[in-house]
Every structure is written in structure tokens, then in C-alpha cells.
Amino acid sequence: MKRTTVAILFGLIAGLICASGAFYGHLLKFSAVMLLWVLLNRAVMGFAIGISGLRVHWAWNGPIIGLAVGSIFSYFLFLNLGQVLVPVVNFFVNALFGLMIEFFTTKVFKQAASSVPVPAVHIAAVHV
């Protein structure tokens, strides 16, 4: 639970960084709805990273989850801005935000993902 809380907190911080850059860089027009959308997307990214059960190194977990969850925001940008460079750049920046959230959660605040053992799966041999 503590890992998830820390990851959501850093997701919100990532959202503030993302929104600041987008609004001050005039990539997005400022509105309360747009600010909430950016914060929500990054908070959900933090939540997904916090509960992630992927069995990969922490440095891969953040970018993978960041790309998966952040792609929703990239698609939103594509639908609203059209075929411009912003949605494509945002897609890859999501991996960086995911890495940042995972780094602060796992390394700085020492909230590593729990290592729950994966149950063994027995595959029956198929004879032809």
C-alpha cells in the first residue's frame, strides 16, 4: 500500500511537470479540465506502476507501464491536435515519466515491488 501511495504522489508531481511544460510551451491551451486530465493521467500511471506485478527490473518496469498507460494521453492528444509531432513525442516522454516515477518510488523511497512467487505452470507434453 505504501508503494502505491508513493508512486501516485510522484505521478502527480510528474503531472505538474508535464502540465507546466505543455502550458508554458504553448503545446496545450490552459484550462482546468486539461490540467486535471494531465494530472489524472500521470496519477493513474503512478498507480499502475505502484501495483505492477511485472517480473522485470525496476528500470524496465517504469518505462513499460509509462508507455502503456501514457499511450491513452498520447491518443487523446492525437485526437485533439491531429497529426502533429506532439502526440508522438508525448508517447516516448511517457516512458521517461514512468522511469522517473519508478526511480523515486523504488530507489529514493525504498519501496520496491513485492516479489510474490509466480506459481509453477506445468505444460503437458503433446505426443503426435
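Which handedness does the crossing of α3 and α4 have? Read on to the view of that pair; the whole chain comes first.

**View 1. The whole chain is a predicted model built from four helices.** There are zero strands here, and reading along the sequence you get the pattern α-α-α-α. Of the 128 residues in the chain, 36% are buried. Take the contacts between residues at least 6 apart in sequence: 72% of them join residues at least 24 apart.

**View 2. Confidence is given by pLDDT, which averages 89 over the chain.** A score of at least 70 is reached by 89% of the residues. Among the elements, helix α1 has the highest mean pLDDT, at 96. Helix α3 (residues 58-81) has the lowest, at 92. As a rule of thumb, where pLDDT is low, don't read the predicted coordinates in detail.

**View 3. Helices α3 and α4 pack with their axes 6 Å apart.** The angle for this pair is about 145°, and here's the answer to the opening question: the crossing of α3 and α4 is right-handed. Sorted by class, the residues of this contact come out as 15 nonpolar, ten polar and two charged.

**View 4. Helix α1 (residues 2-24) packs against helix α2 (residues 32-51).** Their axes sit 7 Å apart, at an angle of about 145°, and the crossing of α1 and α2 is right-handed. On the α1 side, the residues making the contact include R3, A7, I8, G11, L12, L16 and F23. From α2 come, among them, M34, L35, V38, L39, R42, F47 and I51. By class, the contact of α1 with α2 has 16 nonpolar residues, along with five polar and two charged ones.

**View 5. The side chains of E102 and R3 meet in a salt bridge.** How many salt bridges does the structure hold? Just one. The N to O distance for E102 and R3 is 2.9 Å. E102 belongs to helix α4 (residues 85-108) and R3 to helix α1, so the pair ties together parts that are 99 residues apart in sequence. Are these two residues buried or exposed? E102 has 2% relative accessibility, so it counts as buried. R3 is buried too, with a relative accessible area of 7%. R3 also turned up in View 4, as one of the α1 residues in the contact with α2.

**View 6. Q111 is found in the segment after α4.** Leaving out residues up to four places away in sequence, what does Q111 touch? The list is K2, R3, V6, T105 and T106. So R3, the salt-bridge partner of E102, is among the residues that Q111 touches. Q111 itself has a relative accessible area of 15%; because buried means under 20%, Q111 counts as buried.

**View 7. W37 is in helix α2.** With a relative accessible area of 26%, W37 is partly exposed. Set aside residues up to four places away in sequence, and W37 touches I72, F73 and F76. For a sense of spacing, look at W37 and A19: they are 18 residues apart in sequence, and 9.4 Å apart in space, C-alpha to C-alpha. A19 is also one of the α1 residues that make the contact with α2.

Terms used
Residues are numbered from 1 along each chain as its sequence is written. This is a predicted model: local features need pLDDT of at least 70, side-chain atom pairs count only at pLDDT 80 or more; totals for chains, interfaces and linings use all residues. Side-chain values use heavy atoms; hydrogens and water are left out. Axes are lines fitted to C-alpha atoms, for helices over the stretch in contact, and angles run from 0 to 180 degrees between N-to-C directions. Helices (H or I, at least four residues) and strands (E, at least two) are DSSP runs, numbered from the N terminus. A crossing is left-handed if the near helix is turned anticlockwise from the far one by less than a right angle, and right-handed if clockwise. Contact means heavy atoms within 4.5 Å. Ala, Val, Leu, Ile, Met, Phe, Trp, Tyr, Cys and Pro count as nonpolar, Asp, Glu, Lys and Arg as charged, and the others, Gly among them, as polar. A salt bridge is a side-chain nitrogen of Lys or Arg within 4 Å of a carboxyl oxygen of Asp or Glu. Buried means under 20% relative accessible area, exposed over 50%, partly exposed in between (1.4 Å probe, protein chains only). pLDDT is the predictor's confidence in each residue, from 0 to 100.
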